[in-house]
Amino acid sequence: MYFGVDIGGTSIKVGAFNSGKLVEKWSIKLDFKTAEELVDAIYNSIISRYDSIGGIGIGCPGFIIDNFISSSANIHFLNQTNLVTLFHLKTNAKIRLVNDANAAALGEAFFCGYKNLLFVTLGTGVGGGLVINGNILEGAHGAGMELGHLHNDDVYNFTCGCGKKGCVETLSSATGLVNIAKSLVGKYKTSVKEPFNAKRIFDGAKENDELATKAVEIFSDYLGKALANACILVDPGIVMLGGGVSNAGEFLLVRVQEAFKKYALPIIQDTKIILAALGDEAGMYGAYYLVANKED
Ligand SMILES: [Zn+2]
């Protein structure tokens, strides 16, 4: 049995896979102070359910290269750790570690049968993962296709969590959409109620609220520009949008596609932009796929 683990901000999802199929999943509350405690909890939860471990793949937030977490902004105690070494104190099974957005990208590509895929998560921030010929791109620093921090705006100049201004995620995330809406207050005849959140703004835009419509238009325009910039560099042919904001569905997709065409070179304008298929299971699938199918 192989296992795909997805470490998130508040919980850890674990999936047991048999021949490519997810057969059982469970979650563990993220309530630890050290990497050792985290590894213990994952290992114990698996071994209490299954006798043999073929391999464990793990997706984790942070800059990761060759199984080493150089920094994890969300889970500080994982900075400068090698979870594989810690797991190998307990088991000889194959262990692989990968960035969480890269894991989700690989999971979606594997599940949907795409060899090439640019996967973008639109949540509180913006994450990106690139699969080319079935392989993820980690890059020299583990920062490959960190689309959220591509510089994309010199008009709004919102400050990003990374400390820079104008990153993609300052506009094209749930937080970004709220930032845009706040900047438009008082300029339109109709406005959705404050406090703003992404769902309220999208719902308002769907009902032709003026402020919400403008906010979604700006959001989509900047996202389309960022995707066009990314696609001209790597030409994946398919872009998949996931994360909470992608729940806006076709309404979002149509607007992003239109903006993409506006900015993209004609040769790549037929790039497909689609919605994610696996929801919050993508990371588990990708982590599993990495450990079960890839050579070291
Ligand atoms: Zn940034």
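The exercises below work through two sheets, the helices that pack on them, and a few single residues of a predicted model.

Residues are numbered from 1 along each chain as its sequence is written, and side-chain values use heavy atoms, with hydrogens and water left out. As this is a predicted model, local features need pLDDT of at least 70 and side-chain atom pairs count only at pLDDT 80 or more, whereas totals for chains, interfaces and linings use all residues.

**Exercise 1. Work out which strands stand at the edges of the sheet with the order 3-2-1-4-7.**

Step 1. Begin with the terms: strands (E, at least two residues) and helices (H or I, at least four residues) are DSSP runs numbered from the N terminus, and two strands pair if DSSP finds at least two bridges between them.

Step 2. The sheet is open, has 5 strands and shows mixed pairing. Strand 3 (21-29) and strand 7 (94-99) each have a single partner strand, so one side of each is left without a neighbour in the sheet.

Step 3. Now follow the pairs: strand 2 (residues 11-18) and strand 3 are antiparallel over 8 bridges, with Gly15 opposite Lys25. Strand 1 runs parallel to strand 4 and is joined to it by 5 bridges, and here Phe3 faces Ile56. Strand 4 is in turn parallel to strand 7, with 6 bridges between them, and Cys60 stands opposite Asn99.

**Exercise 2. Decide whether strand 4 is enclosed or open to the outside.**

Step 1. A residue counts as buried under 20% relative accessible area, as exposed over 50%, and as partly exposed in between (1.4 Å probe, protein chains only).

Step 2. In strand 4, 6 of the 6 residues are buried, so this strand is largely enclosed by the rest of the structure.

Step 3. In a regular strand the side chains alternate between the two faces of the sheet. In strand 4, Gly55, Gly57 and Gly59 point one way, while Ile56, Ile58 and Cys60 point the other way.

**Exercise 3. Describe the sheet with the order 10-9-8-11-12 and the helices that lie on it.**

Step 1. This open sheet, also of mixed pairing, is formed by 5 strands, and its edge strands are strand 10 (135-136) and strand 12 (272-275), each of which pairs on one side only.

Step 2. Strand 9 (residues 126-132) pairs with strand 10 in the antiparallel sense over 2 bridges, and Ile132 stands opposite Asn135.

Step 3. For the helices, contact means heavy atoms within 4.5 Å, and angles, from 0 to 180 degrees, are taken between the N-to-C directions of axes fitted to C-alpha atoms, for helices over the stretch in contact. Helix 3 (residues 100-112) touches strand 8 (117-122), strand 9, strand 10 and strand 11 (238-242), and its direction makes about 50° with that of strand 9. Helix 6 (residues 210-234) lies across strand 8, strand 9, strand 11 and strand 12, at about 155° to strand 8.

Step 4. Helix 3 also lies across strand 1, strand 4 and strand 7, running at about 105° to strand 7.

**Exercise 4. Compare how Leu233 and Ser70 are placed.**

Step 1. Leu233 is found in helix 6, and its relative accessible area of 70% means that it is exposed.

Step 2. Ser70 lies in strand 6 (residues 68-71), and with a relative accessible area of 28% Ser70 is partly exposed.

Step 3. Not counting residues up to four places away in sequence, Ser70 touches Phe63, Gln80 and His141. Val192, by contrast, is 122 residues from Ser70 in sequence and 42 Å from it in space, C-alpha to C-alpha.
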